[in-house]
Amino acid sequence: MLLARSIFRARGFRAVVFCLCASRLSIIRFVSATASVQVNKMAEPVKFSDEELRKRLTEDQYRVTQHKGTERAFTGKYVENKETGSYNCIVCNAELFSSATKFDSGSGWPSFSDIAQHGSVKLHEDTSHGMVRTEVTCAKCGAHLGHVFNDGPTSTGQRYCINSCSLNFEKKGKK
């Protein structure tokens, strides 16, 4: 698979080139015609053994994150959470969502209007259960998180409907 995107500006020869080659994203930025080239590569995905995950995660966390399961609506511990902080991946601790974008969708799962930072999640078409949805996974470790829908109430129009058991909440000010 090869995907390339270039943006050029006249006069300064400024450009940004994105290349996706065999699942590795390389970003090459030409600052000017005579300047040096900077190359940034996305970190390699984090892999955990099945044995390690089974020891570290609860049965529900393992089922949801590793086998694309779903917790029952209104049973997750973060559905009603109103504290300020970040929601991190239960598997690899990558920051995924911020409490600043959390809202009550009435769906029974924690809902967010946006991700914490660009590239923190990946989206995949999900045609299971006779529906077409967009699955959300952690970009760092591939853990299943939930789904995103285009019916959110904020300016993003997004509703990230995420399983509580795929998240770990980190209260602001604590590390």
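A residue counts as buried when its relative accessible area is under 20%. Arg-133 comes in at 17%, so Arg-133 is buried. Keep that cut-off in mind, as it comes back several times on this tour. One more thing before we start: what you're looking at is a predicted model.

**The overall picture**

The protein has 2 helices and 13 strands. Of its 175 residues, 39% count as buried. Take the contacts between residues at least 6 apart in sequence: 43% of them join residues at least 24 apart.

**The sheet**

Let's look at an open sheet built from 6 strands. Reading across it, the order is β7-β8-β12-β11-β10-β9, with antiparallel pairing. On the edges sit β7 (102-103) and β9 (121-126), and each of these pairs on one side only. As a bit of background, strands of a sheet pair through backbone hydrogen bonds, either parallel or antiparallel.

Start at the β7 edge. This strand is joined to β8 (residues 111-112) by 2 bridges, and the two run antiparallel. Here Phe-103 stands opposite Ser-111 in β8.

Now hop over to the β9 edge. Between β9 and β10 (residues 133-138) there are 6 bridges, again with the strands running antiparallel. Glu-125 faces Thr-134 of β10 across this pairing. The hairpin of β9 and β10 has 6 residues between its strands, and in that hairpin His-129 takes a positive phi near 60 degrees.

**Salt bridges**

How many salt bridges does a search of the whole structure find? The total is 8. Here are three of them, with the N to O distances:

| Arg | Asp | Closest N to O |
|---|---|---|
| Arg-63 | Asp-60 | 3.5 Å |
| Arg-133 | Asp-126 | 3.3 Å |
| Arg-159 | Asp-151 | 2.8 Å |

Arg-133 turns up here too, the buried residue from the opening. Its partner Asp-126 has a relative accessible area of 11%, so Asp-126 is buried as well.

The pair of Arg-159 and Asp-151 is a mixed case. Arg-159 is buried at 14%, while Asp-151 has a relative accessibility of 46% and counts as partly exposed.

Arg-63 and Asp-60 both belong to helix α2 (residues 59-67). They are 3 residues apart there, which means about one helical turn separates them. Arg-63 is partly exposed at 32% relative accessibility, and Asp-60 is partly exposed too, at 42%.

Another arginine has an aromatic neighbour: Arg-56 lies over the face of Phe-48, 4.8 Å from the ring centre.

**Aromatic rings**

Speaking of rings, the structure has 6 aromatic pairs. In one of them, the ring centres of Tyr-78 and Tyr-87 are 5.6 Å apart and the planes meet at 80 degrees; an angle over 60 counts as edge-to-face, so this pair is edge-to-face. Both Tyr-78 and Tyr-87 are buried.

Tyr-87 has another ring partner, Phe-169. Their centres lie 4.8 Å apart with planes at 55 degrees, so this pair is tilted. It links distant parts of the chain, as Tyr-87 is in strand β5 (residues 85-89) and Phe-169 is in strand β13 (residues 167-171), 82 residues apart. How buried are the two? Tyr-87 has a relative accessible area of 0%, and Phe-169 is buried at 13%.

Which residues do the ring pairs link into a cluster? They are Tyr-78, Tyr-87, Phe-97, Phe-112, Tyr-160 and Phe-169.

**The nonpolar core**

In soluble globular proteins, nonpolar side chains tend to be buried together. Here, the largest nonpolar core has 25 residues. The ones with the most contacts inside it are Phe-97, Cys-138 and Tyr-160. Several elements give two or more residues to this core: β5, β6 (95-98), β10, β11 (144-149), β12 (159-162) and β13.

Phe-97 is a good place to zoom in. Leaving out residues up to four places away in sequence, Phe-97 touches a list of residues that includes Tyr-87, Phe-112 and Tyr-160. Those three also belong to the ring cluster with Phe-97. Other contacts of Phe-97 include Ser-86, Asp-114, Ile-115, Ala-116, Val-121, Ile-162 and Leu-167.

Key: Residues numbered from 1 in each chain as written. Predicted model: local features only at pLDDT ≥ 70, side-chain atom pairs only at ≥ 80, totals over all residues. Heavy atoms only, no water. Pairing = 2+ DSSP bridges. Helix = DSSP H or I, 4+ residues; strand = E, 2+ residues; numbered from the N terminus. Phe/Tyr/Trp six-rings, centres within 6.5 Å; stacked < 30°, edge-to-face > 60°. Buried < 20%, exposed > 50% of the residue type's maximum accessible area, 1.4 Å probe, protein only. Lys NZ or Arg CZ within 6 Å of the ring centre and 35° of its normal. Core = buried A, V, L, I, M, F, W, Y, C linked by side-chain atoms within 4.5 Å. Contact = heavy atoms within 4.5 Å. Salt bridge = Lys/Arg side-chain N within 4 Å of Asp/Glu carboxyl O.
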